[in-house]
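Open the model in a viewer and keep the sequence panel beside it. The stops below say what to select next and what is there.

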Amino acid sequence: IYILAIESSCDDTSAAVLHNNKKLSNVVATQHIHEEYGGVVPELASRAHQQNIVPVVHQALAKANIDKKQLSAIAFTRGPGLMGSLLVGTSFAKSLALGLDIPLIEVNHMQAHILAHFIDEENNPKPQFPFLALTISGGHTQIVLVKGYFDLEILGETLDDAVGEAFDKSAKILGLPYPGGPLVDKYAQLGNPKAFPFPKPKVKDLNFSFSGLKTSILYFIQKQVKENPNFVEENLNDICASIQYTIIDILMSKLKKAAKQTGIKQIAIGGGVSANSGIRQALKDAENKYGWTTYVPKFEYCTDNAAMIGIVGYLKYLEGNFSDQSITAKARYVI
Ligand code: ATP
Ligand code: FE
C-alpha cells in the first residue's frame, strides 16, 4: 500500500509518502513569515499553503521515488486547525484523489500526533494497548487513554492555554522570537531549574491550566526589571530553566496521577512539545522511578508533519475506512 499524506492544519505545509507503515519521504515546508508577527497569522498561513502545496507534494513523491500512479490512497488532515489552512490541504487531497480515482482518507490531527508512534522505525518499539498518551502541542494538552488505534478516550485536558502556548507566551515575555518553545528549551539546558520558583496551579482531576503560570511569569519579570533593567539578559538561562521545570512538573504530576488511576504503565508522548529535552529526560527518569515503559517519538514526528497523517491513513486503509468526496474541513474536531 502506498499512501500520500497531506498536512496543512497550521503553519507547516507537509507531504509524505508511506509504503505500508514505513515512511519513504516526509517533506515539511515551515512558514517563516509568521516570525515577524509573533504568532501565526491565519490569512498568511493559508496563502503560504497554497504556494507550497504542489512543490511539497512533488518533492515528497520524488524523494520516495514513486510515481503518483502507484498511489493507493490520499490521506489528509481534516482538523482540528485553522479553517483557511485546512481548506487548502482538504481541497487539494480531494482533487488529487478524484483525478487519480483512488480512495480519500480523512485524518484527525491529534489522533495522528498519537499514532505517529506506529510508523515503523528501527530501534523504536511501538506502544502496547492500552497505553496513556500525553499530547502536548501548540493548541492542545491532553491525557488520552488509547485502547486501540481508533479507540481513544480523553481523560483530561487543558482548561485554558495549551502547553505549547505556555512556552511560546513565556518566551514572548522574555523578548524571544516566535515560536519561542525551542529557544526556552535551548537556554534552559544551561540554567538552574530551581533558580526562580513559580507557583503550580491547582486543577481538578486530570485537567491542566497554564494561563496562571503565564501571568505569574509576567508579573515576576515586570517586578524584577523595575529593579534591574538587565534582569532578563543577565538571567535568561535560569529563567528559562525555571519556567521549563515548572511546566514539566505540572505535566508529570498529572501523568503520574493518570497512571495511578488507570494502573497503566505504558506511557507515550506526542505533539510539538514532545521535542522538548526536559520532558524527554523526565520521561526517561520515570522508567526507573515508577517502572513505566515510555515512548518518545523521533524529533521528525513531534512537530507537525505529514508522515503521522500517513500512518493513520494506512491504518484506516486496512479497515476500508474511506471518506466521501463531499467531506469538509473541520476546525474543531475532537478525537
Ligand atoms: P496542534 O497540534 O494542537 O493543532 P500545532 O500543530 O500548532 O498545534 P505542533 O506543531 O504540534 O502544534 O507543536 C508546536 C508547538 O511545540 C509550539 O508551541 C512550539 O513552541 C512547541 N515546541 C516545539 N519544540 C519545542 C521544544 N523543544 N520545547 C518546547 N516547546 C517546543
Ligand atoms: Fe500539531
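Two strands count as paired if DSSP finds at least two bridges between them. Keep that criterion in mind for the first stop; the model is a predicted one.

**Stop 1: strand β1 and its partners**

Select residues 2–7, which form strand β1. How many of its 6 residues are buried? The count is 6 of the 6, so β1 is largely enclosed by the rest of the structure. Burial here means 20 or more other C-beta atoms within 10 Å of a residue's own. Colour the two faces separately: Tyr2, Leu4 and Ile6 lie on one side, and Ile3, Ala5 and Glu7 lie on the other. Both faces are covered.

Now add residues 12–19, strand β2. The two strands run antiparallel and are joined by 6 bridges. A hairpin of 4 residues makes the connection from β1 to β2. Pick leucine 4 and look across to β2, where valine 17 stands opposite.

Next add residues 73–79, strand β4. How does β4 run relative to β1, parallel or antiparallel? These two run parallel, with 4 bridges between them. Leucine 4 has a bridge partner here as well, isoleucine 74 of β4.

**Stop 2: helix α2**

Select residues 83–100, helix α2. A distance between its end C-alpha atoms gives 25 Å. At 1.5 Å a residue, its 18 residues should span 26 Å, so the two values agree. Show the side chains of the buried residues, among them Leu86, Val88, Phe92 and Ala97. Lys94 is also on the buried list. What covers the buried residues of α2? The cover includes β1, α1 (42–64), β4 and β5 (104–108). Just past the end of the helix, check the backbone of aspartate 101, where phi is positive at about 55°.

**Stop 3: the annotated domain**

Select residues 24–310, which UniProt, in an unreviewed entry, labels "domain: Gcp-like". Over this range the chain is 47% helix and 17% strand. The end C-alpha atoms of the range are 11 Å apart.

**Stop 4: the annotated binding site**

Select His109, His113 and Asp304, listed by UniProt under "binding site" in an unreviewed entry. They are spread over 196 residues of sequence but cluster in space, with a largest C-alpha distance of 8.8 Å.

Centre on histidine 109, which sits in helix α3. Is histidine 109 buried or exposed? Histidine 109 is buried, because 26 other C-beta atoms lie within 10 Å. Leaving out residues up to four places away in sequence, histidine 109 touches Ser9, Thr77, Gly79, Pro80 and Gly81.

Move to aspartate 304, in the loop between β10 (293–295) and α9 (307–318). Aspartate 304 counts as buried too, with 26 C-beta neighbours inside 10 Å. With the same sequence neighbours left out, its contacts are Glu7, Ser9, Cys10, Asp12 and Ser14. Ser9 therefore appears in the contacts of histidine 109 and in those of aspartate 304.**Stop 5: ligand 1**

Select ligand 1 and the 24 residues that surround it. The closest are Gly138, Gly139, Gly164, Gly181 and Gly272. Elements that give two or more residues to this shell are α3 (109–115), α4 (163–173) and α5 (181–188). Colour the shell by residue class to see 7 nonpolar, 14 polar and 3 charged residues.

Definitions and conventions:
Residues numbered from 1 in each chain as written. Chains lettered and ligands numbered in written order. Predicted model: local features only at pLDDT ≥ 70, side-chain atom pairs only at ≥ 80, totals over all residues. Buried ≥ 20, exposed ≤ 12 C-beta atoms within 10 Å, placed from the backbone. Expected span 1.5 Å × (residues − 1). Contact = placed C-beta atoms within 7 Å. UniProt positions renumbered as here; feature names shortened; annotations may be inferred. Near = placed C-beta within 6 Å. Nonpolar A, V, L, I, M, F, W, Y, C, P; charged D, E, K, R; others polar.
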